[in-house]
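Dear colleague,

Please find below the structure that I am handing over to you, together with its sequence. My notes on what was found in it follow.

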Amino acid sequence: MGETATESSMPVGPQPGVKYPIIMEYCGNCSMPFEFCEQYPDFEGCKKWMAEKLPEQFEALTTADGAEGDADEKKRQKRGGKGMMKAKKKEVDIEKKIILSIAPRGKKKAVTVVQGMRTFGIDLKVASKFFSSKFACSSSVTGDDEIVIQGDVKDELFDVLPAKFPEIDEDLIDDIGERKRS
């Protein structure tokens, strides 16, 4: 029939020669075990942290690397889970301007579209959450740099945006009136 517990290839219980409890140490930079640091995108940051905080562990790591030979052409892991850092996009000098417009939704309803907040370095999810609570309506992030707020709140946004986000000047807010949503 099937395998029983006595036929299993995995040993059961404590192993001879192993000191228990097993102590696992983690890197303070990437929060992974030291042996996985080299797969982390910021391996240089891990090395720097380890040299500063744990010099004996760093010395063991560098001697192990020297024994293998300097293989700079190692392929790093492209996909990752929790330990993977998102690559920041390079900011191009774009004109900093916020564009407000009204888009019709049905017969008598409308939505307010806010564009250009990302150029000021504002997190769109945080701004959307703020608009939802401020105007007691739904708002969502659509597209790369666009927030859609239910209702016509364009006039209030001229006062609310500079008050909440000090980096936005009232002169940088532009109203283009009514337009169709794409």
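**Salt bridges**

Lys-53 is partly exposed, as its relative accessible area is 49%. The model in which this value was computed is a predicted one. Lys-53 forms a salt bridge with Glu-52, and the closest N and O atoms of the two are 3.9 Å apart. Glu-52 itself is exposed, with a relative accessible area of 57%.

The count of salt bridges comes to 3. Another of them joins Asp-144 to Arg-118, with 2.9 Å between the closest N and O atoms. Asp-144 is found in the loop between strand 3 and strand 4, and Arg-118 in the loop between strand 2 and helix 3, so this pair ties together parts that are 26 residues apart in sequence. Asp-144 counts as exposed, at 52% relative accessibility, whereas Arg-118 is partly exposed, with a relative accessible area of 42%.

There is also a salt bridge between Lys-154 and Asp-175, whose closest N and O atoms are 3.3 Å apart. Because Lys-154 belongs to helix 4 and Asp-175 to strand 5, the pair ties together parts that are 21 residues apart in sequence. Is Lys-154 buried or exposed? At 12% relative accessibility, Lys-154 counts as buried, because the limit for that class is under 20%. Its partner Asp-175 is partly exposed, with a relative accessible area of 36%.

**Overall arrangement**

The protein chain has 4 helices and 5 strands. Starting from the N terminus, these elements follow the order α-α-β-β-α-β-β-α-β. The chain has 182 residues, of which 26% count as buried. Among the contacts with a separation of 6 or more, 47% are made by residues 24 or more positions apart. The accessible surface of the chain is about 13900 Å², and 52% of that surface belongs to carbon and sulfur atoms.

One approach between distant positions involves Ala-103, a residue of strand 1. The C-alpha atom of Ala-103 is separated by 5.3 Å from that of Arg-179, although the two residues are 76 residues apart along the chain. Ala-103 is buried, with a relative accessible area of 0%.

**Helix 4 and its surroundings**

Which residues of helix 4 are buried? They are Lys-154, Leu-157, Phe-158, Val-160 and Leu-161. Lys-154 is thus both a buried residue of this helix and the partner of Asp-175 in a salt bridge. The cover over the buried residues of helix 4 includes strand 1 (98-105), strand 2 (109-115), helix 3, strand 4 (146-150) and strand 5.

**Aromatic residues**

The count of aromatic pairs is 3. In one of them, Phe-130 and Phe-165, the ring centres are 6.3 Å apart and the planes stand at 80°, so the pair is edge-to-face. This pair links distant parts of the chain, with Phe-130 in helix 3 and Phe-165 in the loop between helix 4 (154-164) and strand 5 (173-178), 35 residues apart. Phe-165 counts as buried, at 9% relative accessibility.

Phe-131 and Phe-135 form a stacked pair, with 6.2 Å from centre to centre and 25° between the planes. These two residues are 4 residues apart in helix 3, which means that about one helical turn separates them. Both are buried: Phe-131 has a relative accessibility of 0%, and Phe-135 has a relative accessible area of 17%.

Phe-130, Phe-131, Phe-135 and Phe-165 form one aromatic cluster. In addition, Lys-164 lies over the face of Phe-130, at 4.9 Å from the ring centre.

**Backbone features and a surface patch**

Most residues other than glycine have a negative phi, and most peptide bonds are trans. Against that background, three places deserve mention.

- Tyr-20 and Pro-21 are joined by a cis peptide bond, with omega at about -5°; Pro-21 lies in the segment before helix 1 (43-53).
- Ser-31, in the segment before helix 1, has a positive phi, near 60°.
- Ala-136 has a positive phi of about 50° and lies in the loop between helix 3 (124-135) and strand 3 (139-141). Ala-136 counts as exposed, at 73% relative accessibility.

Tyr-20 also takes part in a nonpolar surface patch of about 290 Å², together with Val-18 and Ile-22. Val-18 is in the segment before helix 1 and counts as partly exposed, at 38% relative accessibility.

With kind regards

Key. Residues are numbered from 1 along each chain as its sequence is written. This is a predicted model: local features need pLDDT of at least 70, side-chain atom pairs count only at pLDDT 80 or more; totals for chains, interfaces and linings use all residues. Side-chain values use heavy atoms; hydrogens and water are left out. Buried means under 20% relative accessible area, exposed over 50%, partly exposed in between (1.4 Å probe, protein chains only). Rings of Phe, Tyr and Trp (its six-membered ring) pair if their centres lie within 6.5 Å; planes under 30 degrees apart count as stacked, over 60 as edge-to-face and the rest as tilted. A charge sits over a ring if NZ of Lys or CZ of Arg is within 6 Å of the ring centre and within 35 degrees of the ring normal. Patches are made of residues with over 30% relative accessible area and no salt bridge: like charges are joined within 9 Å, nonpolar side chains (Val, Leu, Ile, Met, Phe, Trp, Tyr) within 5 Å. Accessible areas come from the Shrake-Rupley method with a 1.4 Å probe; for residues, only the protein chains shown count as cover. A salt bridge is a side-chain nitrogen of Lys or Arg within 4 Å of a carboxyl oxygen of Asp or Glu. Contact means heavy atoms within 4.5 Å.
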